[in-house]
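Open the model in your viewer and keep the selection tool at hand. Each stop below says what to select and what to look for.

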Amino acid sequence: MPALQSPTVLNPAIENYMGGLLNHFDNTVLIEMELLAQKNNFPIVGRLVGVFLETLAKMINAKRVFEFGSGYGYSAYWFARAVGPSGQVHCSEADFLNKDRAEGYLSAVDLWDRIDFKAGMAQAIFNQTDGLFDICYNDVDKGDYPEIWLLAKDRIRPGGLYIADNVLWRGRVAAKQSADVFPGWTEAIREHNQLIFNDPDFDTFINPTRDGVIVARRKTD
Ligand SMILES: C[S@@+](CC[C@H](N)C(=O)[O-])C[C@H]1O[C@@H](n2cnc3c(N)ncnc32)[C@H](O)[C@@H]1O
């Protein structure tokens, strides 16, 4: 199995241990997608978070998922497994080449017919897609995180989930001072996290696996 993607905030030995529990996921296409991420240093969520996404989606019987920032379909692979043949995963991705890559990989595992993949800005694609979602999953450029939360939160059905990756940003959110890779991203993630935790309509927690995954459930009453 390829090494897991690791901008981890966990103790690396613990993350390796947890990853080792997932060796039975030996699908060739999945492994190819992970190897491509390693080769190109492309930030897929990795297997530990992938399994977490699939499990969350199954727990709420999700059938309709919107992804902001789909890359070449790795996170969508896990959501597509969860929603089943009658479900749909709406993918949005700025890089047009990634759409072709996603189609290749997800067709090879018979999941492409559950995917509606649009290339372009996620915000615009979301606004052109009607209805409520069981899950809105955010993994775009981090400076846009507050905007995506504000767009998505009213389009999640009661009992549905908002999920975002990288919310601990390699620990920078907790550092008094830290060099930002992109100016303003740490502050944007902090603002995003605070907005969600302050929202009385959602129950929220952060799973610190890998780079931190926020999960906010829209209340039903
Ligand atoms: C972290 S990667 C996504 C990885 C993917 N979720 C996975 O785990 O397989 C972020 C992706 O979002 C895309 N992206 C960033 N900002 C975007 C935006 N505003 N709209 C659409 N795509 C965006 C980038 O091109 C990149 O492919």
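**Stop 1: strands E2 and E1**

Select E2 to begin: five of its six residues are buried, so the strand is largely enclosed by the rest of the structure. Keep in mind throughout that this is a predicted model. E2 covers residues 88-93.

Add strand E1, residues 64-68. E1 is mostly covered as well, with four of its five residues buried. How do E1 and E2 pair, in the parallel or the antiparallel sense? They run parallel, and five bridges join them. Two pairs are worth labelling. Val-65 lies opposite Val-89 in E2. Glu-67 lies opposite Cys-91 in E2.

**Stop 2: the whole sheet**

Now show every strand of the sheet. The sheet is open, has seven strands and mixes its pairing. Trace the order: E3-E2-E1-E4-E5-E7-E6. The edges are E3 (115-119) and E6 (202-207), each of which pairs on one side only. From one strand to the next, the twist averages 15 degrees.

Zoom to the E6 edge. E6 pairs with E7 (residues 213-218) in the antiparallel sense, over six bridges. Label Asn-207, and find Val-213 in E7 standing opposite.

Next, select helix H5, residues 96-108. Which strands does H5 touch as it packs on the sheet? The contacts are with E2 and E3. The direction of H5 makes about 160 degrees with that of E3.

**Stop 3: the nonpolar core**

Hide the strands and select the largest nonpolar core, a set of 57 residues. Val-65, Phe-79 and Ile-163 have the most contacts inside this core. Helix H4 (residues 74-83) contributes the most, with eight residues. In soluble globular proteins, nonpolar side chains tend to be buried together.

Centre on Phe-79. Leaving aside residues up to four places away in sequence, Phe-79 touches Leu-53, Glu-54, Ala-57, Val-65, Glu-67 and Val-89. Val-65 and Val-89 will be familiar: they are the pair that stands opposite across E1 and E2.

**Stop 4: helices H7 and H8**

Select H7 (residues 145-152) and H8 (residues 185-198). Two packed helices are described by the angle between their axes and the distance between the axes. Here the angle is about 25 degrees, and the axes are 8 Å apart. H7 and H8 are therefore roughly parallel to each other.

Show the side chains at the contact. From H7, pick Tyr-145, Pro-146 and Trp-149. From H8, pick Ala-188, Ile-189, Glu-191, His-192, Leu-195 and Ile-196, which meet them. By class, the contact holds seven nonpolar, one polar and one charged residues.

**Stop 5: two asparagines with positive phi**

Go to Asn-41, in the loop between helices H2 (28-40) and H3 (46-59). Asn-41 has a positive phi of about 55 degrees, although it is not a glycine. Is Asn-41 buried or exposed? Asn-41 counts as exposed, because 7 C-beta neighbours lie inside 10 Å.

Finish at Asn-166, in the loop between strand E5 (156-165) and H8. Phi of Asn-166 is near 65 degrees, again a positive value in a residue other than glycine. The surroundings of Asn-166 hold 22 other C-beta atoms within 10 Å, so Asn-166 is buried. As a last view, show both asparagines: Asn-41 is exposed, whereas Asn-166 is buried.

Methods. Residues are numbered from 1 along each chain as its sequence is written. This is a predicted model: local features need pLDDT of at least 70, side-chain atom pairs count only at pLDDT 80 or more; totals for chains, interfaces and linings use all residues. A nonpolar core is a set of buried Ala, Val, Leu, Ile, Met, Phe, Trp, Tyr and Cys residues joined through C-beta atoms within 7 Å. A residue is buried if 20 or more other C-beta atoms lie within 10 Å of its own, exposed if 12 or fewer, and partly exposed in between; C-beta atoms are placed from the backbone. Two residues are in contact if their C-beta atoms, placed from the backbone, lie within 7 Å. Two strands pair if DSSP finds at least two bridges between them. Axes are lines fitted to C-alpha atoms, for helices over the stretch in contact, and angles run from 0 to 180 degrees between N-to-C directions. Angles under 35 degrees count as roughly parallel, over 145 as roughly antiparallel, 65 to 115 as roughly perpendicular and the rest as oblique. Ala, Val, Leu, Ile, Met, Phe, Trp, Tyr, Cys and Pro count as nonpolar, Asp, Glu, Lys and Arg as charged, and the others, Gly among them, as polar.
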